[in-house]
Amino acid sequence: MLKTIIYIAIGGAIGSVLRYLTTILVSKYWSNNFPLATFIANILGCFLIGLFIGILEKNNLADSNLKWFLITGFCGGYTTFSTFGLENYSLFQNQHSLVAFAYIGISILVGLAAVWFGLLLSK
């Protein structure tokens, strides 16, 4: 169990740092009400989780430490659903309801499509 926790912690640390770097990079080129950095992290995370699961299953590694590292650790550290919730709350509070609804709808639809595409690409 300790070994699994270590794999998750290392993957989570890497994912969290890459999430931070995503924010830095996006904010360098984007300044708008729409929270693009979180959107990109969530969509990319959805794609990667689909891709990783597909590759792990194809190679009979679905119950391996690699799964804990990539899925629970890396993807869990990289994606930002709690930030997504907070940003939508803030958008509603600041009278940007249309942007909030667009962000919610687009994130769900494109996120599901990204998971599907990741799985498709891995096969």
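Which residues of H1 are buried?

## Helix H1: buried residues and surface patch

In this predicted model, the buried residues of H1 are Gly11, Gly12, Gly15, Arg19, Thr22 and Val26. These buried residues pack against H2, H3 and H4. Helix H1 covers residues 2-29. The helix has 28 residues, and the distance from its first C-alpha to its last is 41 Å, close to the 40 Å expected at 1.5 Å a residue.

A nonpolar surface patch of about 1,100 Å² is also made by residues from this part of the sequence: Met1, Leu2, Ile5, Ile6, Ile10, Ile14, Val17, Leu18, Tyr20, Leu21 and Ile24. One of them, leucine 18, is located in H1 and has a relative accessible area of 36%. Leucine 18 is classed as partly exposed because this value lies between the 20% limit for buried and the 50% limit for exposed. In soluble globular proteins, nonpolar side chains tend to be buried together. The patch residues listed here, in contrast, form a nonpolar area on the surface.

## Overall architecture

The chain contains five helices and zero strands, and its pattern along the sequence is α-α-α-α-α. The C-alpha trace spans about 50 × 30 × 25 Å along its principal axes.

Of the 123 residues, 33% count as buried. The chain exposes about 7,600 Å², and carbon and sulfur atoms supply 72% of that area. Among contacts with a separation of 6 or more, 71% are between residues 24 or more positions apart.

## The largest nonpolar core

The largest nonpolar core has 17 residues, of which Phe39, Phe47, Leu48, Phe52, Phe74, Cys75 and Tyr103 touch the most other members. The elements that give two or more residues to this core are H2, H3, H4 and H5. Helix H2 gives the most, with seven residues.

Leucine 48 illustrates the contacts made across the sequence. Leaving aside residues up to four places away, leucine 48 touches Phe74 and Cys75. Both of these partners are also listed among the core residues that touch the most other members.

## Buried positions in H2 and H5

Asparagine 42 is found in helix H2. Its relative accessibility is 10%, so asparagine 42 counts as buried. Beyond residues up to four places away in sequence, asparagine 42 touches Thr79, Thr80, Phe81 and Phe84. Glycine 54 also has its place in H2. With 4% relative accessibility, glycine 54 counts as buried. Its contacts, apart from neighbours within four places in sequence, are with Leu119 and Ser122. Glycine 54 and serine 64 are ten residues apart in sequence, and their C-alpha atoms are 13 Å apart in space.

Serine 107 lies in helix H5. Serine 107 counts as buried because its relative accessibility is 9%, under the 20% limit. Not counting residues up to four places away in sequence, serine 107 touches Phe39, Ile43 and Phe84. Phe84 is thus a contact of serine 107 and of asparagine 42.

## Isoleucine 104

Isoleucine 104 is found in helix H5. Its relative accessible area is 26%, so isoleucine 104 is partly exposed. Its contacts, not counting residues up to four places away in sequence, are Phe84, Asn88 and Phe92. Isoleucine 104 and asparagine 88 are 16 residues apart in sequence and 7.7 Å apart in space, C-alpha to C-alpha.

## Positive phi in two loops

Most residues other than glycine have a negative phi. Asparagine 60 is not a glycine, yet has a positive phi of about 55 degrees. Asparagine 60 is placed in the loop between helix H2 (36-58) and helix H3 (65-78). With a relative accessible area of 71%, asparagine 60 is exposed.

Glutamine 95, also not a glycine, has a positive phi of about 60 degrees. The loop that holds glutamine 95 runs between helix H4 (81-93) and helix H5 (97-122). Glutamine 95 counts as exposed because its relative accessibility is 66%, over the 50% limit.

Methods:
Residues numbered from 1 in each chain as written. Predicted model: local features only at pLDDT ≥ 70, side-chain atom pairs only at ≥ 80, totals over all residues. Heavy atoms only, no water. Helix = DSSP H or I, 4+ residues; strand = E, 2+ residues; numbered from the N terminus. Buried < 20%, exposed > 50% of the residue type's maximum accessible area, 1.4 Å probe, protein only. Contact = heavy atoms within 4.5 Å. Patch = residues over 30% accessible without salt bridge, like charges linked within 9 Å, V, L, I, M, F, W, Y side chains within 5 Å. Areas by Shrake-Rupley, 256 points an atom, 1.4 Å probe, with all protein chains shown as cover. Salt bridge = Lys/Arg side-chain N within 4 Å of Asp/Glu carboxyl O. Expected span 1.5 Å × (residues − 1). Core = buried A, V, L, I, M, F, W, Y, C linked by side-chain atoms within 4.5 Å.
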